[in-house]
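Please look at the sequence and the 3D structure together before turning to the report below.

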Protein chains: 2
Amino acid sequence: MKEIRQIIGYIDSAAGEETFHSGNPSRKEPNGSLIYRATRAEVNLAVEKSVAAFAVYRKKSGAEKAAFLEAIAMEMENSGDELIQTCVSETALPKARIEGERARTMNQLKMFALLIKEGSWVDARIETAIPDRSPLPKPDLRFMNIAIGPVVVFGASNFPLAFSVAGGDTASALAAGCTVIVKAHPAHPATSAIVGKAIQLAARKTGMPDGVFSLLFDNGIETGVQLVGHPSVKAVGFTGSFKGGKALFDLAVRRAEPIPVYAEMGSSNPVFILPGAAKEKGKLIADAYAASVTMGVGQFCTNPGILFYQQEQTEFTGSLKEAFEKTTGGVMLAPYIFNAYNVGLQERLAVIGVEELSAGNIVSNGEENLARPVLLSATADVFRDNPNLGEEIFGPSGIVVTTGAKDDLLDLARNLSGQLTATVHGTTEELPGYRELFDILEQKAGRVIINNFPTGVEVNSAMVHGGPFPATTDSRTTSVGTAAIFRFVRPVSYQNMPEALLPPELKDDNPMAISRMVNGIRKQDHE
Amino acid sequence: MKEIRQIIGYIDSAAGEETFHSGNPSRKEPNGSLIYRATRAEVNLAVEKSVAAFAVYRKKSGAEKAAFLEAIAMEMENSGDELIQTCVSETALPKARIEGERARTMNQLKMFALLIKEGSWVDARIETAIPDRSPLPKPDLRFMNIAIGPVVVFGASNFPLAFSVAGGDTASALAAGCTVIVKAHPAHPATSAIVGKAIQLAARKTGMPDGVFSLLFDNGIETGVQLVGHPSVKAVGFTGSFKGGKALFDLAVRRAEPIPVYAEMGSSNPVFILPGAAKEKGKLIADAYAASVTMGVGQFCTNPGILFYQQEQTEFTGSLKEAFEKTTGGVMLAPYIFNAYNVGLQERLAVIGVEELSAGNIVSNGEENLARPVLLSATADVFRDNPNLGEEIFGPSGIVVTTGAKDDLLDLARNLSGQLTATVHGTTEELPGYRELFDILEQKAGRVIINNFPTGVEVNSAMVHGGPFPATTDSRTTSVGTAAIFRFVRPVSYQNMPEALLPPELKDDNPMAISRMVNGIRKQDHE
């Protein structure tokens with residue numbers, strides 16, 4: 001049986017006596033690896049190394065950090081089929097999905113590498129001195145973003161690569177110049193270990209300091225609690241449940257020195273179907289909705305869990321019913337996730353007025369944790385009277401809510417809590433009449449989507465994967481796309497600093513040829 | 001006697017029965033106005049109006065919001081000598097200082113007006129669709145910053161105009177598109193009322209919605225607590241004591257929906273004098289330091305309260321002593337501030353090893369609350385053994401700490417808590433040898449200053465007035481300069497939004513001609 005140890009900088013460590021096993025969620029017996037739980041001393045050592053490495057790593061140039069990120073991508077590729085097979089076995093996700101997710105994870109790393117090689121992301125601002133200004137001289141002031149310090153990242157269950165050990169949080173923190181300690185998700189420890197070794201190897205090959213990256217294992221909460229409470233940790237990235245994310249936030253703001261927590265805690269991702277669209281292309285929309293809800297066994301943060309449409313669209317109800325009957329479920333990521341899905345469904349079905357509109361299929365070959373897609377329905381009044389119907393169920397399920405006319409729809413939108421996404425389907429003719437709906441939705445969600453579905457989160461400069469509480473603990477940021485780097489920096493201003501001591505980004509002749517604000521005007525070179 | 005009422009949007013209100021008086025801190029008897037304390041109903045009404053106004057105000061164009069900000073500046077000017085006299089009487093600050101501060105406050109408003117008229121601050125990012133991309137189409141995504149919601153601002157005692165009712169927090173929040181409720185500082189209510197009326201008039205003249213601005217009075221904590229706890233309030237700006245700022249932060253993060261608190265809580269603003277500088281220009285530095293510590297009776301957030309220098313510089317000790325003997329104190333802003341100053345000094349003098357090195361003068365004409373400048377001294381060992389010596393004393397006092405050689409200086413720097421500023425004086429020859437000191441200081445402070453002093457906070461695009469905790473509750477921001485606007489916004493991304501429904505900042509042909517990122521490349525026009 002494979003043994004999995006902590007990766008603490010350049011050493012591997014198995015100092016503890018407590019262990020746990022990884023398993024394949026489709027089978028009853030743990031078939032995987034033996035994992036050592038991190039000890040308190042190992043956690044402290046990881047943080048100490050992270051602090052020491054930070055002093056060196058934060059001063060690396062954009063090109064040097066980029067080489068490290070690119071090397072991580074390359075080592076992930078080099079981990080070849082072993083990574084794919086291990087990940088498939090630990091998550092029960094299809095091979096093609098995992099292959100796609102590895103490609104996406106590598107692309108994220110390369111995207112941040114490009115961003116920091118170019119260098120303008122530091123938001124350099126220069127105000128030149130006017131020594132003879134009256135009544136007071138104007139000093140020379142130069143502003144840029146610098147790395148905030150050692151960052152703790154919690155791997156997510158549902159994206160074992162893209163939101164895990166070398167995922168978006170790690171990539172953006174490393175790009176910013178922060179050192180990173182990842183707490184692996186206990187549902188895919190062997191996958192995490194392979195990626196952790198890839199990062200360790202990439203760090204060695206590119207000459208990064210010992211401690212730039214560490215990876216710790218725990219199937220309980222102790223390691224996470226100790227990490228978030230450690231005075232040398234300066235920020236936290238998390239993707240997971242509301243309960244988990246909020247608990248970390250509460251810990252972090254109660255520290256002697258509060259630190260930011262970027263917890264992406266999921267969302268119900270409401271979808272509004274306007275009457276024209278339901279009439280004109282109801283069948284297409286119903287098929288696409290059913291596909292979006294059940295994709296990846298419904299285990300996406302952007303799963304569209306609520307769909308609103310006007311109750312007179314009875315034909316659309318039929319289309320939804322039919323579309324959902326054609327869907328197929330699958331094995332969920334872990335037994336506790338499968339259990340929570342079933343409990344959530346039972347709780348909803350116990351609400352008077354909530355009915356099962358349709359259910360999908362399961363094709364069983366004796367697998368465990370096999371979830372069946374279920375589509376629930378309720379009226380707007382039932383939905384209003386039972387606020388818990390607006391909360392996320394993690395899994396291949398949605399609730400369709402039949403509403404009155406436009407005013408009812410607007411009222412329902414106004415009463416939504418914070419969301420990652422909000423979606424509207426409408427015809428070209430009817431959309432302009434719903435401007436008020438968009439005004440409401442852009443205040444409720446990080447991303448407003450027209451005539452698409454929210455699953456499939458594009459990774460680029462214009463993505464916002466975030467949104468108002470309770471979707472996240474910090475609506476001012478995104479955890480996907482280039483803007484994610486700003487979570488791990490703070491601005492500093494240098495006054496009257498001699499040219500020789502200035503960082504290259506702020507030197508007079510702009511040696512990095514980055515875009516800068518000079519005396520309030522944007523400039524690309526040293527004009 | 002003048003009566004002062006709440007300004008709640010376009011109405012004035014004095015619904016409460018509780019009142020307090022404003023006074024001139026240099027005299028014993030309250031001589032000023034009678035102020036009504038806000039009632040719970042008045043606080044709620046202000047928030048309700050703020051919510052209603054936000055729906056309208058956040059959609060105003062940059063030009064419309066700029067006209068409002070410029071009108072506020074104009075009405076502040078129109079308030080003429082009445083504002084100056086009232087402010088001088090309530091703060092005991094000199095007329096020239098208040099005149100200068102009004103000019104600065106007006107300039108801040110105009111600076112934000114310029115910023116939002118130009119419009120690029122929204123950080124627009126466009127990623128255009130590639131419908132035939134394989135394996136999945138690329139959607140059209142457009143990203144920009146939007147206003148976060150109603151903001152509560154707490155007026156500061158020490159800048160009755162520039163960090164108060166129409167100060168930097170209010171100006172930046174209004175610029176972002178947020179509505180604002182100010183809780184006036186009880187030490188200058190009549191001043192606050194005049195500025196509040198100026199904003200109310202400016203709002204009317206420029207057609208802003210009722211509730212875009214409100215001003216509430218209270219000499220206790222109830223109004224502030226109620227405002228920060230109100231579910232419709234979305235962010236808080238504060239400048240003041242650690243105790244006050246931290247209490248508001250703790251309230252805000254314990255809400256059902258946590259909200260950001262930007263509390264600037266002061267700092268000791270350490271100054272390091274390198275040996276060459278002490279030798280070469282010790283007398284000049286000592287004079288400038290004494291002037292900076294005692295300026296405005298030492299009532300600045302950036303007051304340089306700690307000065308480190310190598311103990312063999314005995315001549316420099318003499319220069320500091322002499323320079324401080326020439327300083328003159330003055331009346332502090334309020335009796336409680338004067339008392340805290342004296343208590344703070346006595347506590348420090350009670351520490352074994354802390355001595356009074358020098359004291360300035362007071363010229364008394366029978367004024368109350370007249371503070372004498374005091375310069376304390378201690379060795380590095382005493383400073384290390386008594387961490388409270390590193391905390392701010394608000395007033396015209398500093399402590400000089402004699403250190404060993406370079407390593408001792410670096411060790412002291414490493415042990416500093418978060419600061420607004422850190423300053424180094426050195427000769428051109430010796431500065432490059434202290435690169436390690438700068439590496440430490442840029443992680444401790446929002447602004448690193450060479451051969452200047454921290455008082456005199458320039459207001460422009462490159463200023464950082466902020467820093468790591470406990471200087472502020474959010475090191476990722478600044479409360480002075482154009483970047484202060486980012487405290488009150490969050491990003492939103494529009495996916496596949498029809499051109500007609502897009503905000504002008506994100507339309508294809510860039511009608512506002514702002515700087516945007518298009519497919520990762522910075523562009524100024526519609527290329």
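The report takes up the relation of the two chains, then a sheet and a helix packed on its strands.

This is a predicted model, in which local features need pLDDT of at least 70 and side-chain atom pairs count only at pLDDT 80 or more, while totals for chains, interfaces and linings use all residues. Residues are numbered from 1 along each chain as its sequence is written, chains are lettered from A and ligands numbered from 1 in the order in which they are written, and side-chain values use heavy atoms, with hydrogens and water left out.

A turn of 180° with a shift of 0.0 Å along the axis lays chain B on chain A with an RMSD of 0.0 Å (least squares on C-alpha atoms of residues with pLDDT of at least 70 in both). The two copies are thus related as by a two-fold rotation axis. B:Val253 is the residue of chain B that comes closest to this axis, its C-alpha lying at 3.5 Å.

An open sheet of twelve strands has mixed pairing and the order 24(A)-23(A)-6(A)-7(A)-22(A)-21(B)-20(B)-13(B)-14(B)-19(B)-18(B)-16(B). Strands (E, at least two residues) and helices (H or I, at least four) are DSSP runs numbered from the N terminus, and two strands pair if DSSP finds at least two bridges between them. The edge strands each have a single partner strand, so one side of each is left without a neighbour in the sheet.

| Edge strand | Residues |
|---|---|
| Strand 24, chain A | 521-523 |
| Strand 16, chain B | 355-359 |

Strand 16 of chain B runs antiparallel to strand 18 (residues 374-379) of chain B, joined by four bridges; B:Ala359 has B:Val374 as its bridge partner in strand 18 of chain B. Helix 10 (residues 314-325) of chain B lies across strands 13, 14, 16, 18 and 19 of chain B (contact means heavy atoms within 4.5 Å).

Terms used: Axes are lines fitted to C-alpha atoms, for helices over the stretch in contact, and angles run from 0 to 180 degrees between N-to-C directions.
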